[in-house]
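Got your viewer open and ready to click? Let's walk through the model stop by stop, selecting as we go.

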Amino acid sequence: MLYGTAAAATALLLAAALTAALRALALRTVFLRALVDRPGGRRAHARPTPRLGGVGVVTATGTVSAVGAATGLVPLGSATGALLLAGVVVAGLGLLDDLRPIGARARVIVEAGAATVVVHGAGLGLIAGAFAVLWIVFVANAFTLLDNSDGAMGTVGVVTALGLCLCAGAEGLGSLAVVLGLLAASLTGFLMHNWHPARMLLGHCGSLFTGFLVAGAALLVNAEHEASASAAALFAVTVVATADAVLVMVSRRRAGRGLLRGGPDHIAHRLRRLGLTAPGVAVVLGAAAALGTATGVLLHRGLVGVSAVWWLAGAAAVAVVLLLRVPVYTARRARGRARERLPAPTRAGQTAAGRAITGQAVAGQGVGGQGVGGQVVGGQGVAGQTVAGQQIAGQQIAGQQIAGQPVAGPSVDLARG
């Protein structure tokens, strides 16, 4: 107990210190500029924000775990060691993706390979193992999708890791409980820099690592339980990430958008549109994760039946349906249609119907029955263009002065020529 507390405190402080150091390094080093999000576009941040927080989380969790194993205080064991090592590999993949985007197929292949190592350690059969690999890959990427608002993914990760830490301790998996406690502590240290307004982002390195460790640990602590209870517990502890992924997939499918095309269509974005602040979104998602994790812990301990998950799944489904009603694509489409309806840009101060044509008014009407705004009138241009073989530019019409000479007689009919 004493070692666990000291190790968690060390991981928290180490993650916080590393995150601060990596932020300063990224903002001052040329070759790390690719890991800095600049304001503008779809970025909501008002200042440059590095995506290196995951490096601090992975380093703190892995280093403290390795020291505990090397000193013999907390031997990792084969299953926990394989999970941690596979998680580090996936984190490295995420870091490469942060530096230079990797294709979805290559990412899934590497993630599936790492998940296979974890599933093998859990001792599952062929069919159950195949589904477990797919589930781990899904959850790892769902946590990546969840990392879209300050403090959101970190809060959900802390709550979920702590719940699974309790389950691992109850199962007698001491080393796994320690690793999960270190993950929660490292994420807490990172949150000191990620709470709104964020000074550091987790990046794919940290989000993939967190999601992979959470999914693998949930599988290990439920591997010896009945299949239905295990499946229910796995869903419960990852309900927030699962609901967000389902919401995004359904929303993009309905809108005719590519599933891999980013957009402001996640739970956090929709809650912000409903008026919540970024810290408020993190608290709401953290509370939802706490409810799901608590249900999963109670299921694991046999204190509630599988039917309890149906209530949780129903609440998640209702939330998804209601959040689908929040418009997230309409504004951009409306702006696009408005730009299509805009007339051609006016030239040299030309406008129509009583506005100035190169500084002079034309009888308060359109010229030749047509508007003038970058259009051709009666086959001739206006304002610096030729009308009936003459140039009108800076001249006045209809009984007024043309190029400094008085004009007698009727007005000039610009509609002819």
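Start by selecting R270 and look at where its side chain ends up: it reaches the backbone oxygen of V326 at 3.2 Å. That is a polar contact, meaning a pair of N or O atoms within 3.5 Å; within protein, one must be able to donate a hydrogen and the other to accept it, and residues adjacent in sequence count only if both atoms are side-chain atoms. Before you go on, note that this is a predicted model, where local features need pLDDT of at least 70 and side-chain atom pairs count only at pLDDT 80 or more, while totals for chains, interfaces and linings use all residues. Numbering starts from 1 along each chain as its sequence is written, and side-chain values use heavy atoms, with hydrogens and water left out.

R270 sits in helix α11 (residues 267-273); helices (H or I, at least four residues) are DSSP runs, numbered from the N terminus. Which side chain of opposite charge is nearest to R270? Select D265: it is 5.3 Å away, and R270 is buried yet has no salt bridge. Buried means under 20% relative accessible area, with a 1.4 Å probe and protein chains only. A salt bridge needs a side-chain nitrogen of Lys or Arg within 4 Å of a carboxyl oxygen of Asp or Glu.

Now show what R270 touches beyond four places in sequence: L247, S251, D265, L323, L324, V326 and V328. Contact here means heavy atoms within 4.5 Å.

Keep L247 on screen and add V320, which is in contact with L247 and A243, leaving aside neighbours within four places in sequence. V320 belongs to helix α13 (residues 307-324), and it counts as buried because its relative accessibility is 12%. Try a C-alpha to C-alpha distance to V250: 9.3 Å in space, though the two are 70 residues apart in sequence.

Next, the largest nonpolar core. Of its 82 residues, I136 and F212 touch the most other members. Helix α8 (residues 203-222) gives the largest share, 12 residues. A nonpolar core is a set of buried Ala, Val, Leu, Ile, Met, Phe, Trp, Tyr and Cys residues joined through side-chain atoms within 4.5 Å. Click F212 to find its contacts beyond four places in sequence, including L83, V90, E111, V118 and I136.

Last stop: the cysteines. How many disulfides are there? The count is 0, taking a disulfide as a pair of cysteine sulfur atoms within 2.5 Å. For C167, the nearest cysteine sulfur is that of C165, 9.2 Å away. C167 counts as buried because its relative accessibility is 3%.

Technical notes: Helix = DSSP H or I, 4+ residues; strand = E, 2+ residues; numbered from the N terminus. Buried < 20%, exposed > 50% of the residue type's maximum accessible area, 1.4 Å probe, protein only. Lys, Arg positive; Asp, Glu negative; His and termini not counted.
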